[in-house]
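Here are some friendly notes to read alongside the structure. They are meant for someone opening it for the first time.

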Amino acid sequence: MGVYLVKQVWRDERGGVYFCVSNDSMFDTTSFGFAHDPNPVGTPFGAAHLTLRPLGGSWFYFSANNDWY
């Protein structure tokens with residue numbers, strides 16, 4: 001996707017298609033990437049600290065955390 005390497009693609013049954021360009025490593029539980037028509041409730045990668053930023057049209061930048069806090 002552009003200059004980004006997409007690591008995972010998920011279609012969320014609650015709405016949206018998510019293109020994750022970075023996700024969980026040993027010390028980091030935050031995922032981020034791009035979403036088309038995302039739902040405001042959460043992502044397949046987690047819902048804590050969810051950020052959605054519009055990029056234009058139905059496209060958004062997202063970041064989400066699967067941590068408990």
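How many aromatic pairs does the structure hold? The structure holds three aromatic pairs, and two of them are described in the points below. Please keep in mind throughout that this is a predicted model.

1. **Y18 and F62.** Start with the rings of Y18 and F62, whose centres are 5.4 Å apart. Their planes stand at 85 degrees, so the pair is edge-to-face; the cut-off for that label is over 60 degrees. Y18 belongs to strand β2 (residues 17-22) and F62 to strand β5 (residues 59-65), so this pair ties together parts that are 44 residues apart in sequence. Are these two residues buried or exposed? Y18 is buried, at 0% relative accessibility, and F62 is buried as well, with a relative accessible area of 0%.

2. **F19 and W59.** Another pair is formed by F19 and W59, with ring centres 5.7 Å apart. Here the planes are at 35 degrees, so the pair is tilted. It also links distant parts of the chain, with F19 in strand β2 and W59 in strand β5, 40 residues apart. F19 is buried, with a relative accessible area of 18%, because the limit for buried is under 20%. W59, at 31% relative accessibility, counts as partly exposed.

3. **The sheet as a whole.** It helps to step back and look at the strands together. In what order do the five strands of the open sheet lie? The order is β1-β2-β3-β5-β4, and the pairing is antiparallel. β1 (8-11) and β4 are the edge strands, each pairing on one side only. From one strand to the next, the twist averages 25 degrees.

4. **From β1 to β2.** Now follow the sheet from the β1 edge. β1 and β2 run antiparallel and are joined by four bridges. Y18, already met in the edge-to-face pair with F62, turns up again here, since W10 stands opposite Y18 in β2.

5. **β5 and its two partners.** Which strands flank β5 in the sheet order? β3 and β4 do. Strand β3 (residues 30-36) runs antiparallel to β5, and seven bridges join the two. Within this pairing, G33 stands opposite F62 in β5. On the other side, strand β4 (residues 48-56) pairs with β5 over six bridges, again in the antiparallel sense. There the bridge partner of P54 is F60 in β5.

6. **The turn at G57.** β4 and β5 form a hairpin with two residues between them. G57 sits in this turn and has a positive phi of about 60 degrees. Is G57 buried or exposed? With a relative accessible area of 76%, G57 is exposed; the limit for that label is over 50%. G57 and H36 are 21 residues apart in sequence, and their C-alpha atoms are 8.9 Å apart in space.

7. **A64 in β5.** Further along the chain, A64 lies in strand β5. A64 counts as buried, at 1% relative accessibility. Leaving aside neighbours within four places in sequence, A64 is in contact with T29, T30, S31, T43, G46, A48, H49 and L50. A64 and A47 are 17 residues apart in sequence, yet 5.6 Å apart in space, C-alpha to C-alpha.

8. **N65 in β5.** N65 also has its place in strand β5, and at 8% relative accessibility N65 counts as buried. Which side chain makes a polar contact with the side chain of N65? That of T30 does, at 3.1 Å. Not counting residues up to four places away in sequence, N65 touches T29, T30, F45, G46, A47, A48 and H49.

9. **The salt bridge.** Last, a look at charged side chains. The count comes to one salt bridge, in which the side chains of R14 and D12 meet at 2.7 Å, N to O. Its two members are placed in separate accessibility classes: R14 is partly exposed, with a relative accessible area of 45%, whereas D12 counts as buried at 9% relative accessibility.

Note on methods
Residues are numbered from 1 along each chain as its sequence is written. This is a predicted model: local features need pLDDT of at least 70, side-chain atom pairs count only at pLDDT 80 or more; totals for chains, interfaces and linings use all residues. Side-chain values use heavy atoms; hydrogens and water are left out. Rings of Phe, Tyr and Trp (its six-membered ring) pair if their centres lie within 6.5 Å; planes under 30 degrees apart count as stacked, over 60 as edge-to-face and the rest as tilted. Buried means under 20% relative accessible area, exposed over 50%, partly exposed in between (1.4 Å probe, protein chains only). Two strands pair if DSSP finds at least two bridges between them. A salt bridge is a side-chain nitrogen of Lys or Arg within 4 Å of a carboxyl oxygen of Asp or Glu. A polar contact is a pair of N or O atoms within 3.5 Å; within protein, one must be able to donate a hydrogen and the other to accept it, and residues adjacent in sequence count only if both atoms are side-chain atoms. Contact means heavy atoms within 4.5 Å. Axes are lines fitted to C-alpha atoms, for helices over the stretch in contact, and angles run from 0 to 180 degrees between N-to-C directions.
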